[in-house]
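Me: I have a model open and want to go through its strands and helices. Can you take my questions as they come?

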Amino acid sequence: MKSLTRAEEQVMKVLWQLESGLLMGVVDNMPQPQPHKNTVATILKTLVEKEFVRIEQLGRIHRYHPLVSKEDYSSSSLTNVVKGYFEGSFSNVVSFMVDEKKLSVEDLELLLKQLKKTK
């Protein structure tokens, strides 16, 4: 899956939240300071070209719909980070998080419980 720029991700987050939206609805839901509508329109056009978004024609107005779910994009992004920085090993990620004190013993116990449930 193609990666997104930070600005593209912000627009996608709004579309995922709204499930679909018109240009001004997307702009109105962007974090402050809100970008100009022309900027958002350009980003939406790029997202259509990257096949992350589809356009529904409503006369002269466009409604934008996400084609890629937040879950699919998150999974792909995380996998790319693991491949790029942790030699493709999720256990290396967990070790790194423990070393950096970003993951507590309680967190690890919860993860272990989740793993045992999925077996």
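Reply: What follows covers the sheet, then the helices, of what is a predicted model.

Me: Start with the sheet. What is the strand order, and is it open or closed?

Reply: The order is E1-E3-E2, in an open sheet of three strands with antiparallel pairing. E1 and E2 are the edge strands, each pairing on one side only.

Me: How many bridges join E1 to E3?

Reply: Two bridges join strand E1, residues 21–22, to strand E3, residues 61–66, and the strands run antiparallel. Leu22 has Arg63 in E3 as its bridge partner.

Me: And how many between E2 and E3?

Reply: Six bridges, again in the antiparallel sense, pair strand E2 (residues 53–58) with E3. Leu58 stands opposite Ile61 in E3.

Me: What sits between E2 and E3?

Reply: Two residues, as E2 and E3 form a hairpin. Gly59 in the turn has a positive phi of about 70°.

Me: Which strands does H1 touch?

Reply: H1 packs on the sheet and touches E1, E2 and E3. The direction of H1 makes about 90° with that of E3.

Me: Now helix against helix. At what angle do H1 and H3 cross?

Reply: The axes of helix H1 (residues 6–18) and helix H3 (residues 37–49) cross at roughly 85° and come within 10 Å. Angles of 65 to 115 degrees count as roughly perpendicular, so H1 is roughly perpendicular to H3.

Me: Which residues meet there, H1 against H3?

Reply: From H1 they are Ala7, Glu8, Val11, Met12 and Leu15, and these meet Val40, Ile43, Leu44, Thr46 and Leu47 in H3. By class, the contact of H1 with H3 has eight nonpolar residues, one polar and one charged.

Me: Different topic: H4. What span should it have, and what do its end C-alpha atoms give?

Reply: Helix H4 runs over residues 70–85. Its 16 residues, at 1.5 Å a residue, should span 22 Å, and the end C-alpha atoms are 22 Å apart, so the two agree. The expected span is 1.5 Å times one less than the number of residues.

Me: Which residues of H4 are buried?

Reply: Tyr73, Ser76 and Val82 are the buried residues of H4.

Me: What covers them?

Reply: The cover over the buried residues of H4 includes H1 and helix H5 (90–99).

Me: After H4, is the phi of Glu87 positive or negative?

Reply: Positive, near 55°, for Glu87, which follows H4.

How values were computed:
Residues are numbered from 1 along each chain as its sequence is written. This is a predicted model: local features need pLDDT of at least 70, side-chain atom pairs count only at pLDDT 80 or more; totals for chains, interfaces and linings use all residues. Side-chain values use heavy atoms; hydrogens and water are left out. Axes are lines fitted to C-alpha atoms, for helices over the stretch in contact, and angles run from 0 to 180 degrees between N-to-C directions. Helices (H or I, at least four residues) and strands (E, at least two) are DSSP runs, numbered from the N terminus. Angles under 35 degrees count as roughly parallel, over 145 as roughly antiparallel, 65 to 115 as roughly perpendicular and the rest as oblique. Contact means heavy atoms within 4.5 Å. Ala, Val, Leu, Ile, Met, Phe, Trp, Tyr, Cys and Pro count as nonpolar, Asp, Glu, Lys and Arg as charged, and the others, Gly among them, as polar. Two strands pair if DSSP finds at least two bridges between them. Buried means under 20% relative accessible area, exposed over 50%, partly exposed in between (1.4 Å probe, protein chains only).
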